[in-house]
Amino acid sequence: MDYDVIIIGAGPGGIFAAYELAKQRPGIRVAVFESGHALERRRCPIAEGKVASCIGCKPCSIMSGFGGAGAFSDGKYNITNDFGGTLYEYVGKEKALELMRYVDRINCEHGGEGTRLYTTAGTSFKKICMQNKLQLLDAEVRHLGTDINYVVLQNLYDELKDAVSFFFDERIESVERIEGGYRVNGRFGSATAPACVVSVGRSGSSWMEDVCHELDIPTRSNRVDLGVRVELPSVIFDDITDELYEGKIVYRTEKFEDNVRTFCMNPHGIVVAENTNGIVTVNGHSFEDEGKKTDNTNFALLVSKHFSIPFEDSNGYGESIARLSNMLGGGVIVQRFGDLERGRRSTKSRIEEGVVRPTLAATPGDLSLVLPKRILDGIIEMIYALDKIAPGTANDDTLLYGVEVKFYNMEVELDGNLETCYKGLFVIGDGSGVTHSLSHASASGVHVARVIAARA
Ligand SMILES: Cc1cc2nc3c(=O)[nH]c(=O)nc-3n(C[C@H](O)[C@H](O)[C@H](O)COP(=O)(O)OP(=O)(O)OC[C@H]3O[C@@H](n4cnc5c(N)ncnc54)[C@H](O)[C@@H]3O)c2cc1C
């Protein structure tokens, strides 16, 4: 079990680190340890219709396994420095974009070639947004879709499996510094290498905190994003989504001067419940397959909160709000915008009488009892602002699901190589707090692989 490089985690970060190492240094001995299953064994009983709600599988096939948290995602690869992470702060803006474009090329060469690349360059929506106090962020978006995303992962695995040693269902328990490198320990025993790349994503966040604590690697707290998922008839947003697929739009509220932003737009998609460590929050999916498309579009409206002194646990704050919504609604709460504005809860009959057919069976309720006033006021202001560029957004029947929470890992102190204070120990992807998207996480893997390959 002696290798040249050990990678912990087979999400996009770990996969692209392994891919680039194998390309740059054929014959290099790389081991990837992944606590989840191999791709073909990843099955969620909810998605297969066997159970109605989460039964807490260990490992969770949505968040873990080959492909990481992104395996069953919509596969939106955003090529931009405006959102999705702060990789550019470490490698520079040009380099970050170059890395993301390289990832896009690899994805296209492995099954994504027929998919569309959307761009905000030259769009008239930029001006329309500005005229209505909204800012459209610049990005190119490769939309692989859930189905093609899976094909790309399968092809990448098929290409890598002979060059890289993959160990699935092998959770690394600890990382030790040893003479000349690192030893990782798990059920299988131990493995050693002079270089170790940690890429454990969001699901490995508390483990990452323990490792940083044990090895005395400095960290700092990150933000949490809170808000709702909006669902409306797709025709209302078709002009935007047909041209851009996903418009990342930011609004600065008049009342508090807070930023509210759209996130994860799913044209003709569905709203889904997501279970993270027993807390049920809301998310969205869409599909390339025409047969799976719905008449609705959904997207999140989020506000960022960052806590420092004396309370630093931004994620703990987000978890408490999500727990409150779970306590009141038994899971996700849904409310008509008109009911929220009139200060009343939604009921089953009010939802049924509306024109928007919910794609998620959530509990009709009152989101004003869950979300802090400042956040909710910002979301309402933004819905009216969006109504000016997409008339109908502020209709009474628009559905709001809550709560949507985006948790971020704490930021690990890293240098421009994404290397910790210990030579040869790298932390990449969402687990580092530097990235929070498919393209940034993948790009960070390529970057670190090139650093290691140049030293070999
Ligand atoms: C439902 C959903 C939809 C999404 N949609 C999009 C999208 O469309 N576009 C976008 O940009 N982003 C999307 N994201 C976010 C995106 O998936 C992540 O940003 C990305 O996967 C991060 O990659 P990563 O490699 O850093 O971590 P992950 O993908 O989380 O992979 C980390 C891997 O490490 C493994 N691991 C953890 N701890 C250990 C350990 N101790 N030992 C061994 N293995 C371990 C985990 O099992 C996991 O497989 C979505 C996320 C979800 C959950």
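**View 1. What packs over the buried side of helix 8.** Strand 13 (224–233), strand 17 (279–285), strand 18 (296–305), strand 19 (333–336), strand 20 (363–364) and strand 21 (399–407) are among the elements that cover the buried residues of helix 8. Here helices (H or I, at least four residues) and strands (E, at least two) are DSSP runs, numbered from the N terminus. Please keep in mind that this is a predicted model: local features need pLDDT of at least 70, side-chain atom pairs count only at pLDDT 80 or more, and totals for chains, interfaces and linings use all residues. Residue numbers start from 1 along each chain as its sequence is written.

**View 2. The two sides of helix 8.** This helix covers residues 314–329, 16 in number, and spans 23 Å from its first C-alpha to its last, close to the 22 Å expected at 1.5 Å a residue (the expected span is 1.5 Å times one less than the number of residues). Its buried residues are S314, N315, G318, I321, A322, S325, N326 and G329. Seen down the axis of helix 8, they fall within an arc of 140°, so they line one face of the helix; the arc is that of the directions from the helix axis to the C-beta atoms. On the other side of helix 8, look for the exposed residues G316, S320 and M327. A residue is buried if 20 or more other C-beta atoms lie within 10 Å of its own, exposed if 12 or fewer, and partly exposed in between, with C-beta atoms placed from the backbone. Just after helix 8, G330 takes a positive phi of about 70°.

**View 3. Helix 7 and its cover.** In helix 7 (residues 234–244), the buried residues are S234, I236, F237, I240, T241 and L244. Viewed along the axis of helix 7, these residues lie within an arc of 130°, so they line one face of the helix. V235 and D242 are exposed on the face turned away from that buried side. The cover over the buried residues includes strand 4 (116–119), helix 4 (125–131), strand 13, strand 15 (259–266) and strand 18. Just after helix 7 comes Y245, with a positive phi of about 60°.

**View 4. T297 in strand 18.** T297 lies in strand 18 and counts as buried because it has 24 C-beta neighbours inside 10 Å. Leaving aside neighbours within four places in sequence, its contacts include S234, F237 and T241, along with L232 and M265; contact means C-beta atoms, placed from the backbone, within 7 Å.

**View 5. R202 in its loop.** You will find R202 in the loop between strand 11 (195–198) and helix 6 (205–215). With 19 C-beta neighbours inside 10 Å, R202 counts as partly exposed. Its contacts beyond four places in sequence are A69, F407, N409 and D430. The C-alpha atoms of R202 and S432 are 9.2 Å apart, although 230 residues separate them along the chain.

**View 6. Around the ligand.** Of the 40 residues around the ligand, G9, G11, G68, G201 and G429 come nearest; a residue is near a molecule if its C-beta atom, placed from the backbone, lies within 6 Å of it. Helix 1 (12–24), strand 3 (76–79) and helix 12 (438–455) each supply at least two residues of this shell.

Note on methods:
Contact = placed C-beta atoms within 7 Å.
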